[in-house]
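Below are my notes on the chain, set out as numbered points. Please read them beside the sequence and the coordinates.

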Amino acid sequence: MELAVEAKQLVKVYGQGVRALDGVDLSVEQGKTFALLGPNGAGKTTLMRIFTTQIRPTSGEARVCGLDVVRDGAKVRKIIGYVPQEMSVWTDLSGYENLLIYAKIYGIPRGTRARLLDEVLSKLGMKGAAKALVRTYSGGMIRRLEIASALLIRPKVLFLDEPTIGLDPSARKAVWMELGKFKEGDGVTIFFNTHYMDEADLYAEEIGIINEGKVVTVGTAAELKRSVGGEIITLSIAGNPFVPERLRSLESVEDVILAEEEVRVVVKDAEAALPRVLEGLRQDGVSVVRAAITKPTLDDVFLKYAGTRFEAGGRVGEVRQMRRMIRRG
Ligand SMILES: Nc1ncnc2c1ncn2[C@@H]1O[C@H](COP(=O)(O)OP(=O)(O)OP(=O)(O)O)[C@@H](O)[C@H]1O
Ligand SMILES: [Mg+2]
């Protein structure tokens, strides 16, 4: 399988000695939706700027679809789409006019522009709003318009830097629904940065966690959470006095903790272990009133691999970013 995105020992040191990337190794297969998840200042935008050929790495290698971003920059630019973290459309123009400008920048022939714009607008569910000034759009619509302009050239890899920053959950969902439609049709690879754990959890097929310029782990959300270990099945039981021996002897069970009417069974993979645990209890004549599975979250994953709690920068970071967007707009 050809790789869409690849980094080897990538280092970026900014002028004043800020080591924004500290030896990043990463590979993303074609067709995947990949999330780079990390707190403010982790190096997400820096990495994306290197992949999109806006800045050069200090050392190491970066490739997009096999093309070196430094040596083959012009070729890379032809096969990627990019939506920056800051706002990238003009608010005093209509959505349609914005797309037209991007179509011209991309060199899309005059004869095919109208049809292409029409197609992109209807795919993104924005036909109705195309004639209105962007100034009147909601944040979610602006983001969709930006994505539409990045998709005009049918990129092989679409880079999205914080695609839903500052959007409420329903607008966020709408953006991802539209992205999903494009993926189905064109098989595009999506590489997105985010500091929202739930966004990575919900929409990425694979997640890389970045902290202080290092990608500390990569995997599917399920793999990452499992790697934390210790999923817990909590059972409310009734009837017979409970004897944990049989449960303890089950291969998949790591520990059994008794707490009043509750039994906590620590396992590696709760969904796989649950049937065996229930069967074990049934054989002891214990009836289960309720079963719940508690799983580690991406926050626990971050704690395990980055050695600190995930601090998304909270409101300050977001306010700063929104300000930047507004100023640009
Ligand atoms: N042009 C620059 N010059 C100097 N330092 C920079 C520059 N751009 C970023 N940095 C620094 O590099 C580090 C990584 O920044 P980067 O913007 O890549 O992080 P990020 O993960 O995208 O953060 P955010 O979530 O805030 O967007 C930070 O310490 C930042 O202050
Ligand atoms: Mg950033």
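1. I start at a small piece of sheet: V64 has L67 as its bridge partner in strand β5. Strands β4 and β5 pair in the antiparallel sense over two bridges, where pairing requires that DSSP finds at least two bridges between the strands. Two residues lie between the strands of this hairpin, and C65 takes a positive phi near 45 degrees there. Helices (H or I, at least four residues) and strands (E, at least two) are DSSP runs, numbered from the N terminus.

2. The model is predicted: local features need pLDDT of at least 70 and side-chain atom pairs count only at pLDDT 80 or more, while totals for chains, interfaces and linings use all residues. Residues are numbered from 1 along each chain as its sequence is written, and chains are lettered from A and ligands numbered from 1 in the order in which they are written.

3. On confidence, the mean pLDDT (the predictor's confidence in each residue, from 0 to 100) of the chain is 88, and 93% of the residues reach 70 or more. Among the elements, strand β4 (residues 59-64) has the highest mean pLDDT, 98. Helix α12 (residues 314-328) has the lowest, 52.

4. Overall, the chain has twelve helices and 14 strands. Its C-alpha trace spans about 80 × 45 × 40 Å along the principal axes. Buried residues make up 38% of the 329 residues; buried means that 20 or more other C-beta atoms lie within 10 Å of the residue's own, exposed means 12 or fewer, and partly exposed is in between, with C-beta atoms placed from the backbone. Of the contacts between residues at least 6 apart in sequence, 71% join residues at least 24 apart, a contact being two C-beta atoms, placed from the backbone, within 7 Å.

5. The hairpin in point 1 belongs to an open sheet of four strands in the order β2-β1-β4-β5, with antiparallel pairing. Its edge strands are β2 (19-29) and β5 (67-68), each of which pairs on one side only. Strand β1 (residues 3-13) is joined to β2 by eight bridges, and L10 stands opposite V24 in β2. On the other pairing, five bridges join β1 to β4, with A7 opposite A62 in β4.

6. Strand β6 (residues 80-83) pairs with strand β7 (residues 157-161) in the parallel sense over four bridges. The bridge partner of Y82 in β7 is F159. In a regular strand the side chains alternate between the two faces of the sheet. Both faces of β6 are covered: I80 and Y82 are buried on one side, G81 and V83 on the other.

7. Which residues touch the most other members of the largest nonpolar core? They are F51, A148, V157 and F159, in a core of 72 residues. Helix α5 (residues 139-150) supplies the largest share of this core, six residues. A second, separate core of 13 residues includes L247, V256, A270 and A273. Such a core is a set of buried Ala, Val, Leu, Ile, Met, Phe, Trp, Tyr and Cys residues joined through C-beta atoms within 7 Å.

8. F51 deserves a closer look. Leaving aside neighbours within four places in sequence, F51 is in contact with V5, A62, V64, V69 and F159.

9. Around ligand 1 there are 15 residues, of which Y14, A20, K44, T45 and T46 come nearest; the criterion is a C-beta atom, placed from the backbone, within 6 Å of the molecule. Helix α1 (residues 44-51) gives the largest share of this shell, three residues. By class, the shell holds four nonpolar, ten polar and one charged. Here Ala, Val, Leu, Ile, Met, Phe, Trp, Tyr, Cys and Pro count as nonpolar, Asp, Glu, Lys and Arg as charged, and the others, Gly among them, as polar.

10. Two loop residues are worth checking for backbone geometry. T53, in the loop between α1 and β4, is not a glycine, and its phi is positive, near 65 degrees. T53 counts as buried because it has 20 C-beta neighbours inside 10 Å. E212 lies in the loop between β9 (206-211) and β10 (214-219) and has a positive phi of about 45 degrees. With 17 other C-beta atoms within 10 Å, E212 is partly exposed.

11. R56 also lies in the loop between α1 and β4. Is R56 buried or exposed? Neither: R56 is partly exposed, because 13 other C-beta atoms lie within 10 Å. R56 and D72 are 16 residues apart in sequence and 12 Å apart in space, C-alpha to C-alpha.
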